[in-house]
Structures are given as structure tokens and as C-alpha cells.
Amino acid sequence: MNLSIFGCGYVGLVTGACFADLGNNVICYDISKKRVNSLKKAIIPFHEPGLDTLVLNKSNDKKLNFTNSIDACLKFSDVYFICVGTPQKTNGQPNLEFIKSSIQSISDYVDLQIKNKKNLSKKHIFIKSTVPPGTIKKLSRKLKSRKLDSFITISSNPEFLKEGSAIQDFMKPDRVVVGSNYQDAVEVIRHLHRPILWKSDRLLTVSPESSETIKYSSNAFLAMKISFINEVAKLSDAIGADINDIRKGIGLDKRINPNFLYSGIGFGGSCFPKDVKGLSYVYKKNNITPHLVNATMNVNDEQLEHFLKKIFAIYPKKSLKDKTFTIWGQAFKPNTDDIRESVGIKLVKRLSPLVKELKIFEPIARKNSQAEHSQLDNVSFATKISSSVIRSDALIICTECKEFWNIDLDIFSQLNDKNIFDGRNILDKSSLLSSGYNYFGIGR
Ligand code: UDX
């Protein structure tokens, strides 16, 4: 099947490359000439494991093409996936201008074909971008007002991709959700996903409103799980319990399960914060008090303060100006170079004015972090983890990168004060204590 993808960001590029890998002919459109030119050379503008190889192979197979021409994208197929950004306004409301302009271009194109009496096959639009519940209803009304609703269908097909494992999440989804009032549109999604759903039918067909709400509430629930365990971690700190044991204890209940119950300095990324605030906005718009989603954000916002309090308890603010700290990790999570809403970035910005120096080791997101901290003259970046601890007083871990989990304890002997602040609870506390280090986790 021929497919057109609007938007070559995380979602659009993974969607286009994976659909091409499943045998479809795919064209990906982006408004940025620079991005399209890079993609034509299989240069991916962000780090996503395996995506560069997949894009190169599918481009070489002529199954995947990139274009700046929206006309070429419109002409290429009858199936359009809208994967453009829905950035957040200050009040939490998602900005839908890119969605609306994509739909406008499709409507204008179809309108012109009708006027030119061209024989026209029906166009099926699928919104992959995260949009407030009720958006598709509004967009469909607009189509009806232009008398295009018998030529174009609009449906919801939300993505559940995690950065760092997006290809795997696409190819082995827990579920594929399609929110549509049109059986022919549902059949398109069923056909496209047959190669990955043939083992067990995990295609869920619901109304557009339900589909849009599934996406928002999935993310909000996962974020709430994280804030729940982060709040328990504060209690664990207060009473001297171990949050890792508590996580295991509650996670063994199959109804709870241990996933997304890892406490730390809080969640970041381009999705959770935006979608939790987005859902809060939607609740308020529908006169519903968003107790749980607001609490999820409040707990997350306070988590960094809780962690900084631990550092300031050991280093009173007046002593900090002579201190050098090593920081491991700036990306919002492992296996990505994405620093959006990263708590590690916020921590560096808070500490930089107070300390003598911050020496950062970031395995993947170094370029983005250096650009973000370019104005901070006491922040340096080590190219090797071993050099990041030289002439440093203490270590602070902000990202749960795999490089840090089983690092040789000897590396910590370089730390003058032997203080380790583990913002992701990943180090072996008992080994560190028995080796004479001072360990400070979150809830342990
Ligand atoms: C998330 C959703 O998981 C995904 O389904 C959706 O499509 C997009 O948003 P992503 O933001 O890429 O994916 O990363 P995720 O792995 O969910 O982590 C988000 C944040 O939560 C990271 O900062 C991570 O460090 C933090 N986190 C995650 C925790 O603090 N504790 C956990 O147990 C899990």
C-alpha cells in the first residue's frame, strides 16, 4: 500500500520507516528543507537505536522517500498519517496549528480535484499526534461544512512509542488502537498492521473520542504511577525503609506490577509533562476538577527539591562555592539524546550558580546538553566517565544509563568527599557503604 506521512519527527520517522519495513511504499513530508535533505542521506536528526540503519535500508530499497513538497505527499497515496507536533501552550492547552494546517492542505487538494472533475478515490486521514479528546469530532465537522466528508475520513490512530525503544514498540505493540466512525478506514489500519498483529488480535476499534482519551489517559496513568512511588519514596526516606524493596513488595501484586514504579528525581521528556498538563486542561474545559493529574505534576515538580535538600543537608549553601560535583547523565532517560523537560538539566541549572564547578558525563546527549548549558561558565563536559570524577568532591546521578549501573567501585575513590547522590537509585548501596562511601538515594 502507498502511504503518506506528514511530519518527520520521532513519531513520523519511526512510523514511516516501520511501515516501509512491512512492505509498504512510503513518502515522508516535512516542512524543514534541512531535515529532509539530511533524511535523504539517511542522517537522522536525533538518536533512536536502529533508526538510521532502517531508514538507510528502506531508502535503498526505494520503499521510503522524503520530500519537502506537500503536493508530492498528497498525490502519492490515499492514506495519510498526521504525525506533526502538538506543542503545549502556557495554560497546558496543546497547540493544534500544525494538525489544522495539514488537514487544510489535504482539504484544499481534494477540493481542487473535485473542481477539476478528476476521478477521486477516498482519502483516509489518521491522526497519530496526541490531540485533546474531541479534536477529531471538530475536524470532521469542518470537513462536513466544506462538503468533503464523503471524500475524506478522519480517524485516530495514537502511537505508544517510547524513545529509545520506538522501533520495537512499533513492531511489537501491546495494542493498536483505531478510533473511527468509518469501517473502510478501520480496514485500512487492520490491513497495515496484519504482519505485526497476526499472532493475536490486539487491534482495538473504538470511537475517535475514546481513542484520543486512551492516549492521554495511558500517559497520565504511567506518569501517576511514577509520582505515586516517588511520594512513597519520601516516606521511605523519613522512616528509613528501602524504596526498592517496597517497589518489589507492591509490584509482586499482579494487579499493580513493578513496571513504572522506579523512584528517582522525577519524569521528564516531551510526552509525560505535556500530556499530563494537556489532560488537566481537558478536564477543566469539561468542568471536571483534575485532582489526580494535578497531583501527579505537583509531586513531580517537588521531587527535584526533595533530592536537592539531600545535597544541601551535606553541603550547606555557603560551603558549595568551593565544591566541584560530577554529574552523570543529562538526557531525560537512557538511550536517547533528548533533553526536553529533563530533570537532570534542571538540576545543573539550579546547582551551577552555587558551586565552584560541575563536571558532566553524558554518554548520548552530550551535544544537546552542551548547547543547553553553553552560558554556564563553570560547567564542563568529560569525554570519558573516568575523567569526570577527577578532582571532584561528590557524584550526582541524574539519568539511569546502563553504563552507570555496574561501574567498577574504584572509580569513586577519586571523589574527595566520598559522597554519592544517586538520583535514580541504580547503584549497589550496601557495597558502597561497606567500601566506605556515603550513599544518598531517593527512598533508600
Ligand atoms: C512515554 C510513554 O512511555 C510512551 O508510551 C508514550 O508513547 C510516550 O511517552 P517516553 O516519554 O519516551 O515514553 O519515556 P518513558 O520511558 O515513558 O520515560 C518517561 C520518563 O519517566 C523518563 O524521564 C524516565 O526516567 C521516567 N521514569 C520512567 C521514571 O522516573 N520511573 C519509571 O519507573 C519509569
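# Asking how we know

Q: What makes Arg175 count as lying over the face of Phe160?
A: In this predicted model, Arg175 is 3.6 Å from the ring centre of Phe160. The cut-off for a charge over a ring is 6 Å, and the 3.6 Å of Arg175 falls within it, so the distance fits. Arg175 is also placed over the face of the ring, as the name asks.

Q: How do you know that the charged end of Lys317 sits over the ring of Phe312?
A: The charged end of Lys317 is 4.8 Å from the centre of that ring. This too is within 6 Å, so the distance passes the test.

Q: Why is the pair of Phe6 and Tyr80 called edge-to-face?
A: Look at the angle: the two ring planes are 80 degrees apart, and edge-to-face needs over 60. The centres are 5.5 Å apart, which is within the 6.5 Å that a pair requires. Both tests are passed, so the name fits.

Q: What makes the pair of Phe6 and Tyr80 a tie between parts apart in sequence?
A: Phe6 belongs to strand β1 (residues 2-6) and Tyr80 to strand β4 (residues 79-82), so the pair joins parts 74 residues apart in sequence. Phe6 and Tyr80 are both buried, which means that each has under 20% relative accessible area.

Q: Why is the pair of Phe361 and Phe404 edge-to-face?
A: Here the planes meet at 65 degrees and the centres are 6.4 Å apart, so this pair is edge-to-face as well. Phe361 sits in strand β10 (residues 357-361) and Phe404 in helix α17 (residues 402-405), 43 residues apart. Phe361 and Phe404 are both buried. They also belong to a cluster with Trp328, Phe412 and Tyr437, linked by ring pairs. The structure holds 15 aromatic pairs.

Q: How do you know how many cavities of 30 Å³ or more there are?
A: The count comes to two. A cavity is space where the probe fits but cannot get out. The largest cavity holds about 40 Å³, and the second largest about 30 Å³.

Q: What lines the largest cavity?
A: Its lining includes Ile127, Lys128, Ser129 and Glu212. Helix α9 (residues 208-239) gives the largest share, three residues. By class, the lining has three nonpolar, four polar and three charged residues.

Q: What lines the second largest cavity?
A: Pro334, Asn335, Pro363, Ile364, Cys401, Lys402 and Glu403 do. Four of these are nonpolar, one is polar and two are charged.

Q: What is known about the space in the second largest pocket?
A: The second largest pocket has about 1,000 Å³ of space. Of its 40 lining residues, Gly9, Tyr10, Cys83, Val84 and Gly85 are the closest to the centre. A pocket is an open set of points, unlike the cavities above. Helix α5 gives the most to this lining, four residues. The classes are 17 nonpolar, twelve polar and eleven charged.

Q: Why is the protein chain called as compact as a globular protein of that length?
A: The radius of gyration is 24 Å, close to the 22 Å that the globule rule gives for 444 residues, so the chain earns the description. The chain has 18 helices and 14 strands, and its C-alpha trace spans about 80 × 45 × 40 Å along the principal axes. Buried residues make up 53% of the 444.

Key
Residues are numbered from 1 along each chain as its sequence is written. This is a predicted model: local features need pLDDT of at least 70, side-chain atom pairs count only at pLDDT 80 or more; totals for chains, interfaces and linings use all residues. Side-chain values use heavy atoms; hydrogens and water are left out. On a 1 Å grid over the protein atoms alone, a cavity is a set of points where a 1.4 Å probe fits but cannot get out, and a pocket is an open set with protein on both sides within 12 Å along at least five of seven lines; lining residues have an atom within 4 Å of a point. Grid points are joined across faces, edges and corners, and a volume is the space filled by probe spheres set on the points. Helices (H or I, at least four residues) and strands (E, at least two) are DSSP runs, numbered from the N terminus. Ala, Val, Leu, Ile, Met, Phe, Trp, Tyr, Cys and Pro count as nonpolar, Asp, Glu, Lys and Arg as charged, and the others, Gly among them, as polar. Rings of Phe, Tyr and Trp (its six-membered ring) pair if their centres lie within 6.5 Å; planes under 30 degrees apart count as stacked, over 60 as edge-to-face and the rest as tilted. Buried means under 20% relative accessible area, exposed over 50%, partly exposed in between (1.4 Å probe, protein chains only). A charge sits over a ring if NZ of Lys or CZ of Arg is within 6 Å of the ring centre and within 35 degrees of the ring normal. The radius of gyration is taken over C-alpha atoms; the globule rule is 2.2 Å times the number of residues to the power 0.38.
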